[in-house]
Amino acid sequence: MAEGVMHVSGRLQEGIEPFETRLRIEFHDEADGRTRLEIRQWLPERLAHPSEEGWRQAFTKLDATLMNVQAVAANHREVEAWPS
């Protein structure tokens with residue numbers, strides 16, 4: 001588990017003032033050999049919706065990357081299985 005406070009400032013989206021957020025990230029082993037990632041974030045109420053959309057976009061990209069890695073690994077195993 002990782003937990004911390006992040007201070008967000010600098011060049012932000014229009015209408016968003018600097019703010020502070022607390023994050024907790026946990027990895028859990030699942031019975032089927034998979035790993036469950038749990039992320040909790042505490043934000044000022046006015047930022048909850050924009051943050052949800054940001055997380056949704058980030059996880060969509062992560063899913064696509066992981067699917068690509070799995071496809072490449074499966075292809076690599078198939079190539080190795082071919083007799084020389």
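**Exercise 1. Identify the residues of the salt-bridge network and describe the pairs around it.**

*Solution.* Step 1. A network of salt bridges links E30, R36, E38 and R40. A salt bridge is a side-chain nitrogen of Lys or Arg within 4 Å of a carboxyl oxygen of Asp or Glu. The model is predicted: local features need pLDDT of at least 70, side-chain atom pairs count only at pLDDT 80 or more, and totals for chains, interfaces and linings use all residues. Residues are numbered from 1 along each chain as its sequence is written, and side-chain values use heavy atoms, with hydrogens and water left out.

Step 2. Within this network, the side chains of R40 and E38 meet in a salt bridge at 2.7 Å, N to O. E38 lies in strand β3; strands (E, at least two residues) and helices (H or I, at least four) are DSSP runs, numbered from the N terminus. The E38 side chain also makes a polar contact with the side chain of R36 at 2.6 Å. A polar contact is a pair of N or O atoms within 3.5 Å; within protein, one must be able to donate a hydrogen and the other to accept it, and residues adjacent in sequence count only if both atoms are side-chain atoms.

Step 3. Beyond its neighbours within four places in sequence, E38 is in contact with R24, I25, E26 and H28, where contact means heavy atoms within 4.5 Å. At 36% relative accessibility, R40 counts as partly exposed. The scale is as follows: buried is under 20% relative accessible area, exposed over 50%, and partly exposed in between (1.4 Å probe, protein chains only).

**Exercise 2. State how many salt bridges the structure holds, and examine two pairs.**

*Solution.* Step 1. The structure holds 7 salt bridges.

Step 2. One of them joins the side chains of E3 and R24 at 3.3 Å, N to O. E3 lies in strand β1 (residues 2–8) and R24 in strand β2, so the pair ties together parts that are 21 residues apart in sequence. E3 is partly exposed, at 42% relative accessibility.

Step 3. A further pair is D32 with R34, whose closest N and O atoms are 3.7 Å apart. D32 is exposed, with a relative accessible area of 55%, and R34 is exposed at 58%.

Step 4. The principle is that side chains of opposite charge can pair when their charged atoms come close.

**Exercise 3. Describe the order of the secondary structure and the pairing of β2 with β3.**

*Solution.* Step 1. The protein has 1 helix and 3 strands, and along the sequence they follow the pattern β-β-β-α.

Step 2. Strands β2 and β3 (residues 35–42) run antiparallel and are joined by 8 bridges; two strands pair if DSSP finds at least two bridges between them. H28 stands opposite R36 in β3.

Step 3. The two strands form a hairpin with 5 residues between them, and G33 in the turn has a positive phi of about 85 degrees.

**Exercise 4. Is T21 buried or exposed, and which residues does T21 touch?**

*Solution.* Step 1. T21 lies in strand β2 and is buried, with a relative accessible area of 1%.

Step 2. Its side chain makes a polar contact with the side chain of Q41 at 3.2 Å and reaches the backbone oxygen of W42 at 2.7 Å.

Step 3. Not counting residues up to four places away in sequence, T21 touches G4, V5, M6, V8, Q41, W42 and L43.

**Exercise 5. Locate the contacts of S51 and W55 in helix α1.**

*Solution.* Step 1. S51 is found in helix α1 and counts as buried at 17% relative accessibility. Leaving out residues up to four places away, S51 touches Q41 and L43.

Step 2. W55 belongs to helix α1 (residues 48–81) and is partly exposed, at 29% relative accessible area. Apart from neighbours within four places in sequence, W55 is in contact with L23, I39 and Q41.

Step 3. W55 and I39 are 16 residues apart in sequence, and their C-alpha atoms are 9.7 Å apart.

**Exercise 6. Which residues make the nonpolar surface patch?**

*Solution.* Step 1. F27, L37, L62 and L66 make a nonpolar patch of about 380 Å². Patches are made of residues with over 30% relative accessible area and no salt bridge: like charges are joined within 9 Å, nonpolar side chains (Val, Leu, Ile, Met, Phe, Trp, Tyr) within 5 Å.

Step 2. F27 sits in strand β2 (residues 19–29) and is exposed, with a relative accessible area of 59%.

Step 3. Over the protein, buried residues make up 11% of the 84 residues.

Notes. Accessible areas come from the Shrake-Rupley method with a 1.4 Å probe; for residues, only the protein chains shown count as cover.
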